[in-house]
Amino acid sequence: MASSTIISNTANLEKYLKLPQGGKITAEYVWIDGSNGVRSKSRTLSKKVTSVKDLPEWNFDGSSTGQAPGDNSDVYLRPVAFYPDPLRLGDNILVMCETWMADGSPNTYNFRHDAAELFNKYQSEHDFWFGLEQEYTMLGFDGWPYGWPKDGFPAPQGPYYCGVGTGKVFCRDIVDAHYKACLYAGINISGTNAEVMPAQWEYQVGPCSGIDLGDQLWMSRFLLHRVAEEFGVKVTFAPKPIPGDWNGAGLHTNVSTNETRGENGMKAIEAAMEKLSQRQAEHMSVYGEDNQARMTGKHETASYDKFTWGVANRGSSVRIPRAVAAEGKGYFEDRRPASNADPYQITGIIVETMCGKIEG
Ligand code: ADP
Ligand code: MN
Ligand code: MN
Ligand code: MN
Ligand code: MN
């Protein structure tokens with residue numbers, strides 16, 4: 001990939017990555033900040049970690065991330081999951097964290113906490129599985145889609161989706177690097193494809209059970225930003241990065257339970273549709289910022305305000321895959337979430353709508 005703005009020298013770095021660490025390991029603590037992004041910092045631990053219980057709590061300056069006021073700025077990091085680190089290799093790890101305040105309450109942006117309560121209550125009975133299709137767009141240093149003519153536009157959409165060949169796809173090197181990095185980390189990445197808008201891509205994470213989906217998807221986003229950083233490319237999860245006749249970016253959410261996967265699963269799916277139809281506004285309120293700009297009813301989206309569902313219909317809020325309808329059981333695809341939505345909030349509200357609110 002040609003770029004005059006590559007700012008790291010990964011070939012030189014290689015030499016240092018191979019150096020022994022004297023038995024110590026590095027833990028990269030990752031958390032979600034106050035603007036829907038990820039932040040991270042590193043610490044050294046004295047030995048290899050085998051359980052999340054071995055990971056110490058930590059803290060950061062929340063006033064520097066929009067997560068706490070300056071006069072009470074300590075925000076605590078509580079490890080919830082860890083993964084082999086594909087960037088530093090060896091026994092080094094990446095650590096997904098929840099954010100907590102000094103008074104014992106979850107941080108405003110800790111959406112995992114509420115989702116975890118829902119899963120604690122309902123997961124063992126219903127065994128929710130989720131598979132999310134994360135779409136995103138690569139941008140150059142100037143913020144314009146990567147590979148697009150400077151101050152101009154490429155030829156209209158058509159040749160780019162699942163495209164092959166120069167001028168049809170951009171940054172495949174980053175996509176493949178990220179794919180391998182996720183596999184190494186043990187993230188259940190299930191595939192990738194080039195999208196309809198040039199410089200837009202998708203990867204899928206799942207099926208994952210319960211809260212794991214949110215943990216894994218956030219870590220996959222961290223890895224995407226981190227890998228792209230080494231190539232001098234920006235990643236945006238904006239739902240409609242370019243206005244006009246260019247596809248937006250979504251986070252299609254595939255859902256199943258014991259009941260939908262079992263005998264007469266279609267009955268359980270139909271019951272879920274009835275419940276989802278009652279809470280359109282509640283779902284849209286957590287399905288991503290600027291999602292109105294994406295959900296125009298064009299470009300394979302549905303109306304922002306009205307819930308619809310149908311078999312094989314990519315213009316409805318929820319699509320039942322043709323094969324699922326034919327088999328009479330399986331999963332459904334909620335096509336409403338935007339690419340920048342929080343997977344803890346998405347999976348949480350789906351459980352809440354299908355199973356009921358937790359009071360108090
Ligand atoms: P699309 O045809 O909408 O582009 P994809 O192949 O991109 O579909 O993504 C389908 C997603 O559905 C994958 O992430 C996969 O893991 C997920 N999936 C498949 N079966 C199930 C299931 N039973 N429950 C939940 N998710 C599932
Ligand atoms: Mn300092
Ligand atoms: Mn897909
Ligand atoms: Mn897609
Ligand atoms: Mn889809």
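**Close-ups of a predicted model**

**View 1. Asparagine 291, a residue that counts as buried, with 24 C-beta neighbours inside 10 Å.** As everywhere in these views, we're looking at a predicted model. The cut-off for "buried" is 20 or more other C-beta atoms within 10 Å, so asparagine 291, with its 24, makes the grade. Asparagine 291 sits in helix H8, which covers residues 291-294. Leaving out residues up to four places away in sequence, asparagine 291 touches Pro239, Met284 and Ala338. If you want a distance to check on screen, try valine 318: 27 residues separate it from asparagine 291 along the chain, and their C-alpha atoms are 16 Å apart.

**View 2. The shell around ligand 1, made up of 16 residues.** Which residues of the shell are closest to ligand 1? They are Gly131, Gln204, Asn254, Ser256 and Tyr331. Three strands each chip in at least two residues of the shell: S6 (129-139), S8 (200-209) and S10 (251-256). Sorted by chemistry, the shell has 8 polar residues, 5 nonpolar ones and 3 charged ones.

**View 3. A cis peptide bond in strand S8, from glycine 206 to proline 207.** Omega here is near -5°. Proline 207 belongs to S8, one of the strands that supply at least two residues of the shell around ligand 1.

**View 4. Helix H6, residues 265-277, and what covers its buried residues.** H6 has 13 residues and runs 18 Å from its first C-alpha to its last, close to the 18 Å expected at 1.5 Å a residue. Its buried residues are Gly265, Ala268, Ile269, Ala272 and Leu276. Why do the buried residues of H6 line one face of the helix? Look down the axis: they fall within an arc of 100°, so they end up on one face. Their cover includes helix H5 (258-261), strand S12 (318-320), strand S13 (332-334) and helix H10 (343-355).

**View 5. Asparagine 264, in the loop between H5 and H6.** This residue isn't a glycine, yet its phi is positive, about 60°. Is asparagine 264 buried or exposed? It's exposed, because only 12 or fewer C-beta neighbours are allowed for that label and asparagine 264 has 11 other C-beta atoms within 10 Å.

**View 6. Aspartate 151, in the loop between S6 and helix H3 (172-185).** Aspartate 151 also has a positive phi of about 60°, although it is not a glycine. With 7 other C-beta atoms within 10 Å, aspartate 151 is exposed.

**View 7. Helix H2, residues 112-126, with its bend at asparagine 120.** The bend is about 40°. Buried residues in H2 are Arg112, Ala115, Ala116, Leu118 and Phe119. What do they pack against? The partners are strand S5 (93-100), helix H4 (212-230) and H10. H10 is also among the elements covering the buried residues of H6. Just after H2 comes aspartate 127, whose phi is positive, near 50°.

**View 8. Glutamate 195, in the loop between strand S7 (189-194) and S8.** This one counts as buried, with 21 C-beta neighbours inside 10 Å. Not counting residues up to four places away in sequence, glutamate 195 touches Glu135, Tyr161, Gln200, Trp201, Glu202 and Asn247. Its C-alpha lies 9.7 Å from that of glutamine 157, a residue 38 places away along the chain.

Note on methods. Residues numbered from 1 in each chain as written. Chains lettered and ligands numbered in written order. Predicted model: local features only at pLDDT ≥ 70, side-chain atom pairs only at ≥ 80, totals over all residues. Near = placed C-beta within 6 Å. Helix = DSSP H or I, 4+ residues; strand = E, 2+ residues; numbered from the N terminus. Nonpolar A, V, L, I, M, F, W, Y, C, P; charged D, E, K, R; others polar. Expected span 1.5 Å × (residues − 1). Arc of directions from axis to C-beta. Contact = placed C-beta atoms within 7 Å. Bend = angle between axes of the 7 residues up to and from the residue.
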